[in-house]
Amino acid sequence: APDRRVLIVGGGSAGISTAARLRRAGVRDITVVDPSDVHWYQPLWTLVGGGQAPLRITGRPEASVMPRGVRWIRKAAEAVDPGARTVTLSDGTEAGYDFLVMAPGIQLDWNGVPGLAEAVGRDRVSSNYAPEYAPRTWELIKGMRSGTAVFTHPATPLKCGGAPQKIAYLAADHWRRKGVLDRIRVVLVIPDPALFKVPVWNRELERVARRYGIEVRLNTEMTAVDGGRRTVTLTDRAAGTEETLGYDMLHAVPPQSAPDWVEKSPLADPASPHGFVEADKHTLRHPRHPEVFAIGDVAGLPTSKTGAAVRKQAPVVVGNLLDAMRGAEPSHRYDGYTSCPLVTARDRMLLAEFDYDLKPAPSFPLIDTTRERRDMWLFKRYGLPPVYWRGMLTGRL
Ligand code: FAD
C-alpha cells in the first residue's frame, strides 16, 4: 500500500502540509503539482498592507518547502479525469494517480466587478489579496490626510472572511494616531447582515467600528468601480438601493470562486454555485470518487476558508487516505474548526475560533479572546509565522 501513487494538486498551505504528513507516515510515491516558484504565507499580507511587516518575509522558494523525497512537477493542472485517474498538465502531458488530493486553493475573480481589474494597482485602488498590491495598501494609507476611504468585502465565499475588515481597523487606528481620523470618512462595505457571523465576536467588532467612527454598510456590495473618476457603486441588497460614492482610497477584495478548470471538472459540487470540490464535510473524501480528497480553500465545506482550518484538515485527509490505502473506511473526522485572527488595532487582536455549529472552539481555553488583546497580536505577528514554516509545513503540527 505505501507504493500507491498519491498526486497532490497545489503546493500551498494545504498541499505541502498534506505531502509532509504523508511522507512522515511512510508513503513513498508522492507528487506535488504546482507552477509557482514561491510559497506564500498569506496571513501576513494583512500586516503588509497595514505597514507592519515587509512583503519579503511572507514568501519563500517553493523548492525550500517541498518535503524531501516528494516529486515536484512545476506545471499547472488543467483538467482531471477521475474515471481514468489522470490529471492533465499545462504542457498537455498527463499525470496518473491512485489517490488524488485536490489543493489548488481559491481563484481571485478580478473581472467579477466591472472596472476592478482595470483599477487595481493604480487609481488609488489596492488589495491585500495579492502580493503585488498589498504593499500599495500601506502607501495609500500613509499618504492619506483627509477624504473618503472605502473598504469592500465580496458577496462570494472568500479566504479569510475577516481580512476585508481588519485592514479598515489598521488604517483607522493609524489615522487616529496621526490625528487625521476626524477628517477621513471610512466606509466599510459588508454583504452580510452582520460584521461577523458568530455573535460574541460580532458584538465586539461593532464596538471597534464605532470607536473609529467607521460607517458600516451592511447587506451591501461593491458592484462597479470607475478608476478614472474614482467612484464606486454600492448596491444595498436589503433596501434595493444603489449609490455612487467618490473615494480617495479603495481597498477592494475581489469576488472568489473555485479555479475555472475545477468548476468545469467532474469533481465540482453540482449543488455549489461556485464550483468547489465536493467533499464529505467530516471525512473530506469525495462522495462519488472515493480515491479523491479535497483540502483547503478549494474544498466545498460549510466553514470559513483559512490556513487555520487547513491545519486541522491535514491530519484528517492524511489519516483517511491511509485508511483508504488499507481498504478501510475513513476513521478521522473534521469538525469544521476554523479561526480568524481579527486585528482591531495596530497592537490589538481578537481571536475567533469556531466549528461547523459556530460554537467557539478555543485553542487557549484560559484566555478570553473575545476581548481585544495585545498578546494575541504579538502571537500573530511573531509567533505564528515560525509555527507555520517550521511546524505546519513540515507536518509536525
Ligand atoms: P493556497 O495556500 O493559496 O495554495 C494554493 C496553491 O495551489 C498555490 O501554491 C498555487 O500556486 C497552486 N495552484 C493554483 N492553481 C494551480 C493549478 N492549476 N495547478 C497546480 N497548482 C495550482 N488564514 C488564516 O488562517 N489566518 C489569517 O489571518 C489569514 N489571513 C489572510 C489574509 C489574506 C489577505 C489572505 C489572502 C489570506 C488569509 N488567510 C488567512 C487564508 C489562507 O492564506 C488560506 O486559507 C490558505 O492559504 C489556504 O491554503 P490552500 O493550500 O488551500 O491555498
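In which loop is the place of Arg-230? In this predicted model, Arg-230 is placed in the loop between E15 and E16, and its phi is near 55 degrees, a positive value in a residue other than glycine. Arg-230 counts as buried, because 20 C-beta neighbours lie inside 10 Å and the cut-off for burial is 20 or more.

The two strands that flank this loop belong to an open sheet of 3 strands, arranged in the order E15-E16-E17 with antiparallel pairing. Strand E15 (220-226) and strand E17 (241-246) stand at the edges and have a single partner strand each, so one side of each is left without a neighbour in the sheet. From one strand to the next, the twist averages 25 degrees. Between E15 and strand E16 (residues 231-236), the antiparallel pairing extends over 6 bridges, and Thr-220 stands opposite Asp-236 in E16.

A positive phi in a residue other than glycine is also found at Asp-123, where the value is near 50 degrees. Asp-123 lies in the loop between helix H4 (116-119) and strand E11 (125-126). With 18 C-beta neighbours inside 10 Å, Asp-123 counts as partly exposed, because burial requires 20 or more such neighbours.

The domain assignment of the protein chain gives domain 1, which comprises 6-106 + 258-334, and domain 2, which comprises 109-256. The C-alpha centres of domain 1 and domain 2 lie 30 Å apart. Contact between them involves 15 residues of domain 1 and 18 residues of domain 2. On the side of domain 1 that touches domain 2, H2 gives the most, with 4 residues, and by class this side has 5 nonpolar, 8 polar and 2 charged residues.

Both domains also take part in the surroundings of the ligand, since the shell draws at least three residues from each of domain 1 and domain 2. A total of 35 residues surround the ligand, and the closest are Gly-10, Gly-12, Gln-42, Gly-105 and Gly-296. At least two residues of this shell are supplied by each of helix H1 (13-24), helix H2 (45-49) and helix H9 (307-325). By class, the residues of the shell divide into 18 nonpolar, 13 polar and 4 charged.

A further strand pair is formed by E21 and E22, which pair in the antiparallel sense over 7 bridges and form a hairpin with 2 residues between them. Within this pair, Ala-345 has Arg-348 in E22 as its bridge partner. Of the 8 residues of strand E21 (residues 338-345), 7 are buried, so strand E21 is largely enclosed by the rest of the structure.

Glu-372 is in contact with residues of this region, although Glu-372 itself is found in the loop between strand E22 (348-354) and helix H10 (374-392). When residues up to four places away in sequence are not counted, Glu-372 touches Thr-344, Ala-345, Arg-348, Met-349 and Leu-350. The C-alpha atoms of Glu-372 and Met-349 are separated by 4.9 Å, while these two residues are 23 residues apart along the chain. Glu-372 is classed as buried because 20 other C-beta atoms lie within 10 Å.

Conventions
Residues are numbered from 1 along each chain as its sequence is written. This is a predicted model: local features need pLDDT of at least 70, side-chain atom pairs count only at pLDDT 80 or more; totals for chains, interfaces and linings use all residues. A residue is near a molecule or strand if its C-beta atom, placed from the backbone, lies within 6 Å of it. Ala, Val, Leu, Ile, Met, Phe, Trp, Tyr, Cys and Pro count as nonpolar, Asp, Glu, Lys and Arg as charged, and the others, Gly among them, as polar. Domain bounds come from an automatic or database domain assignment. A residue is buried if 20 or more other C-beta atoms lie within 10 Å of its own, exposed if 12 or fewer, and partly exposed in between; C-beta atoms are placed from the backbone. Two residues are in contact if their C-beta atoms, placed from the backbone, lie within 7 Å. Two strands pair if DSSP finds at least two bridges between them. Axes are lines fitted to C-alpha atoms, for helices over the stretch in contact, and angles run from 0 to 180 degrees between N-to-C directions.
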